[in-house]
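Hi,

Here's the structure I promised to pass on. Have a look at it first, and then read on for what turned up.

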Amino acid sequence: MATNAEAIEHGHAPESAHAALAHHFDNLEQQREAGTLGMWVFIAQEVMFFGGLFLAYLIYRMRYPEAFMAASNHLNWKIGAFNTTVLITSSLTMALAVWATQAGRAPKVQVALMLATVLLGFTFLGVKAYEYHEKYVDGLVPIAGWFNPNHEILSHIPANVSLGQYQMFFWLYFAMTGLHALHMIVGVLIITPIIYWAWRGRYSPEYHAPVENFGLYWHFVDIIWIFLFPLLYLLGAHFKP
Amino acid sequence: MSNEANAGTLAHEWRSRFPTVNYLNADYGWKSWLLTKDHKRIALLYLASITFFFMIGGAYAAAIRLELLTPQGDLMQSATYNKVFTHHGIMMVFFFLIPSIPATLGNFLVPMMIGAKDLAFPRINLLSWYIYMLGGVITFAALLFGGVDTGWTFYVPYSTNFSNTYVVLAGLGIFVNGFSSILTGLNFIVTTHTMRAPGMTWFRLPLFIWSMYATSLIFILGTPVIAITVLLVAVERLAHVGIFDPALGGDPVLFQHMFWFYSHPAVYIMILPAMGVISELIATHARKPIFGYSFVAFSSLAIAIFGFLVWGHHLFVSSQSVYAGMIFSLISFVVAIPSAVKVFNWTATLYKASISYDAPMLYAFAFIGLFTIGGLTGVMLAALGFDVHVTDTYFVVAHFHYIMVGGAMMGYLGGLHNWWPKMTGRMYPEGWARFAALVVFVGFNLTFFPQFLLGYMGMPRRYHVYPTDQPLWQVLHVMSTGGASILGIGLLIPGIYFIWSMRYGRFAPANPWPATGLEWRTPSPPPTENFPVTPVVTWEAYEFRPVEEMAVIGPGTPDEPIGGQHPLNPGGDGGIAVNREP
Amino acid sequence: MSLIQGIPIPKVSVPFSPEQASTFAPHVDALYLYLLLITISFTTIIMVLLIFFAIKYRRRSPDEVPRPRHGSMVLEVTWTVIPLMIAMTIFVWGASTYFKAYRAPHNAMEVYVVGKQWMWKFQHQTGQREINELHVPLGARVKLTMTTEDVIHSLYFPAFRIKQDVVPGRYTQLWFEATKAGTYPIFCAEYCGTNHSGMGGHVIVMEPAAYQEWLAGGAGSESAASQGQKLFQERGCSSCHQVDPGGQQGRGPTLYGLFGKQQAIDGDGQVTVDEAYIRESILNPQAKIALGFQPIMPTFQGQVSEEQILQLIAYIRSLGAAQGGAGAGGGTPGGTTAGPTTGGVTPASQRSNPLAPTSPRQGSPQPQLPASPRGGGQANANRVR
Amino acid sequence: MSVHIVPRKTYYMVFGALIFFTALTVFVANVPLGKFNDVVAITIAVTKMMLVLLFFMHVRYSSRLIWVIVASMFFWLLILLLLTLTDYSSRGWFGPNVIT
């Protein structure tokens, strides 16, 4: 009987239910914890998802060092560095946006910071698109029909590098950066409604989980790029064919 | 039994007078099902769809067994046969075995066992079902359009450059389906961490929760890798890029590494939940706390972790380096130990227990026996010198069917029987259930034991025709096919009486067996929010309490009063007078 | 004597097993017995306990509750440690068998194998070519150097208890010593497409004498080496690669006695001149440039079949290859350039130096090279690999 | 427990550090160091990652559980990479007779 008595006492959520409290949680704290934990578990999953590509990169990089050097040399590390800066800055604005909600700053501030983040995101994607187009024009896209084995660029390839090995790098380049870009596009899609709600003043020091969790996602995307940049762009920076 | 029957009929009478509101009759209409966020309803959605895919896979299995009745390929073309075994594999592995227990029993039980109102992310839970269906439909479409003939393993370069079947479509389906697993795993992990009822400490959790947690770890950390791998295969096929193509500097063996990095742990995705179920069944039907609770609990985690370190034992003859082979072989032997520990603990639990012969317990017995054989043959296969001879033969086929069917399948069936009263509020017909269990057991062994012998005699797997100069081979194949038909019948019987019982079965009391888990401390079927009030756990796992403390928690509903002390239903929750020692 | 050094061949025979026709088979069967013993004993223990408990402790009254028992450290440790010990013995046994059985011996008689949807093509050094049939002499060590033209296959000899995948773009190896004359099945064990189950045949183990006759029957077919030599001329390899002892370097490295040597290459490091290296040098010549030569050899990708490459390899290794220098890959020419007499020789005499093949005459140099996709422009540089 | 609010100052400092390391890695990459180019590049990348993880992603202020998750994701990534490498790095060790 004792158990039942206790049970009844615990029946209701301690706090007066907040508008954003889902029915199956006892209180906002529990809900927020669950959300954060969920996002982290999701990120763990993302790491393994990219892990497959990093594995392929590692194996073939070990196998064809010269090929990767030479091919990487065709990427413009200056553009890459610029994009890195852009992404890091967007991470900063996002971190500040989270801060703004936590500190209960005016919706204007929150929205401004998130818009800045989106803007930087678009900048990054624009630059990426430009790079892709450049590669396409140079016939470096390793897709049958698009790849142009007779392009004069390829005449710089050191003799001991075969076209197949050379394409391998670009295939990995497009797979990794492409997947990364896809994550950024998804990110932009997710943040749009969050911005709307922020504008409606929904986020407060006690409830701001969506902003926080999106922040985690955005920073994760940033981290992926932090690795892609040296692995793909800087690899052959000092390499003179 | 008599007591149950008694309690059951009383409950029946009572409930027919006072119909109750529960998650099944809370609201009606297809919308209330297709848009539900209730984990229990989603579990039933999964149950239905998984059964559907299982029947497809089973049909293909039947076709395989029929073809192999005779050495000549006289039933179907070899191209057809290749598609048939591929479809059997894909359907059974990706759309039945992997989601079977987690998505049905897991979805239904995880929140109830830990005393939560629902999973942490109900919407995501529903989403994962839709993703599963989408993946299933895509793959099924691939099958209908003409099918795939690569084997469920999709080995390159055959799948990328040679097969001219619907590889990309089927791959896409598996890719999509992967995310349903990931979301389910994510939901379980978060729920277990954040939603436990007051007093439900980690070491009071039912062992089923531990194994679901371990399974979720594999979902989260393994599935993404198969997703990216299948994606690469599809891209290579479409765009003719050379990630795995030797002609372009790629390495086909890299595919095998990436594929098995997931697909070996996937085996544990299939067996770990079954192990969890078996722990529950034994504790319930032997009325004993599981012997060495913490060892069984941690062995689940150990299996999940070590399971990620052994994938290379699928590559012993695939030109993997000999040294890598040795490392993988060594770890494979280590991963066998936690499984052994579980088996020993289950057996020890039965010592001086009070063992009932209810259908769930029969399945538990079958599981322990068959899993022991399956596991030990797995140990045999991990021995390098031996594996060289039997890998890619029927020995392997027999081995993993002892794990998949003899293990996962038995656990699934046992679990369904055990929680059927809770899920539907009706009892299944015990007599038929015991009979079916027996048929399944006999049929299963007759089907797969001969395949061990075939394997050692050198019959390779995925063979459409086999040599006629080996008379014994046909004999064994005929035995196997005979067993398969018995197994098929044995699996049909539960299908029939489960459906029958949903309408005509006796009403089930809240705690028919009786069992100690929280899920039994609420009416059957449970209300939408699972418990009348948030339960508070003050007892240890599998601790049998006096009747009134094992009854429904909370203010009495008309037919399930507090402590089950109802005039018409005295101690009706299978109430048992507790006398400590027989 | 056992070729699995250190382990005597056990005398065992197992029910429901294929014939034991190789030195390796008895070892696998012995291991199998050991594993069966363990499996059966453990299963029996569990089964007996289950049934015994199930009967002895069956529920007698519906409301009985036995006293709970929570576990015992001693037991847990026992049944963790003991199985682990047993498992380790299995590992050691299995691994040592595998390790030793997979190291091909020197002086083995070489057979080249090319898998192809859906047939096995065998080529003897003596030139005989077979499809889905392999004739081998009793008691001789046979080493198979294998690759595939298309997808992954797996060459499986149940009677020899051995199996090895063939992987496109690579050479894998397998070896055996048949111990019993007869005809045994060959299977493809790795699923390879529509007619996978049809991709098999027979290995015919013959008494040395009978094998000699069989070889004689195939007379007139020239040795793999001389077929390779023809190819060597046709493709104009000879215009750059000297093949005579001591002849001054051509535009590419002199191939005489090169096989099995360590070759210094551009950049850092060395490579052993083995089948894989030669294959790579033909298909992707620039990959590893011999030190001191210009990277101007054109690729022959798509111009020579896997079988032709193997013939070229046979030819190059026949060029007075160094005696096991640097542990010559794939064994010394003893096993490889087997003249018709090598077939039936016993392991003992295989170790003695066999007769070298007829040293090939060098063809008249034809300086024009096949133009390469992109190397052609540089073809008039003065050195070819 | 309530949310730990990280002062803005920290964010700006971390940002500065990230920019600095980006510049550094670019600079080093243009100096030929042979194998060390990779070592340095990876070291810097890891450092940057740690900064983002600890401060931008608040791991430094998070529960032990979060630490465990972060640790385990890297652990599993290493399993994937290293165990596959056991195959690739040891091919051809097996005496002169096995050709990889």
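Which residue just after α8(B) takes a positive phi? That would be H240(B), with a phi of about 55 degrees. Before you read too much into any of this, keep in mind that the model is predicted.

**The helix before that residue**

Helix α8 of chain B covers residues 207-239, which makes 33 residues. From first C-alpha to last it reaches 47 Å, close to the 48 Å expected at 1.5 Å a residue. There is a kink in α8(B) all the same: about 35 degrees, at G222(B), shortly before the proline P224(B). As for its surroundings, 29 of the 33 residues of α8(B) are buried, so the helix is largely enclosed by the rest of the structure.

**Where the chains meet**

The contact between chains B and C takes 81 residues from chain B and 76 residues from chain C. On the chain B side, helix α11 (residues 322-349) gives the most, with 13 residues. By type, that side of chain B splits into 51 nonpolar, 23 polar and seven charged residues.

Chain C also touches chain A, and here the contact takes seven residues from chain C and four residues from chain A. The chain C side of this one divides into four nonpolar, two polar and one charged.

**Cores**

The largest nonpolar core has 406 residues. Those with the most contacts inside it are L172(A), F367(B) and A383(B). Helix α9 of chain B (residues 252-286) supplies the largest share of this core, 23 residues.

If you want to zoom in on one of those residues, try A383(B). Leaving out residues up to four places away in sequence, A383(B) touches L31(C), L35(C), I90(C), F91(C), W93(C) and G94(C).

There is also a second, separate core of nine residues, and among them are A515(B), F531(B), A551(B) and I553(B). As background, nonpolar side chains tend to be buried together in soluble globular proteins.

**A strand pair in chain C**

One last spot to look at is strand β4 of chain C (residues 133-137), which is mostly covered, with four of its five residues buried. What does β4(C) pair with, and in which sense? Its partner is strand β10 of chain C (residues 201-206), and the two run in the parallel sense over five bridges. Within that pairing, H135(C) stands opposite I204(C) in β10(C).

Over to you, and shout if anything looks odd.

Cheers

Note on methods:
Residues are numbered from 1 along each chain as its sequence is written. Chains are lettered from A and ligands numbered from 1 in the order in which they are written. This is a predicted model: local features need pLDDT of at least 70, side-chain atom pairs count only at pLDDT 80 or more; totals for chains, interfaces and linings use all residues. The expected span of a helix is 1.5 Å times one less than its number of residues. The bend at a residue is the angle between axes fitted to the seven residues ending there and the seven starting there. A residue is buried if 20 or more other C-beta atoms lie within 10 Å of its own, exposed if 12 or fewer, and partly exposed in between; C-beta atoms are placed from the backbone. Two residues are in contact if their C-beta atoms, placed from the backbone, lie within 7 Å. Ala, Val, Leu, Ile, Met, Phe, Trp, Tyr, Cys and Pro count as nonpolar, Asp, Glu, Lys and Arg as charged, and the others, Gly among them, as polar. Two strands pair if DSSP finds at least two bridges between them. A nonpolar core is a set of buried Ala, Val, Leu, Ile, Met, Phe, Trp, Tyr and Cys residues joined through C-beta atoms within 7 Å.
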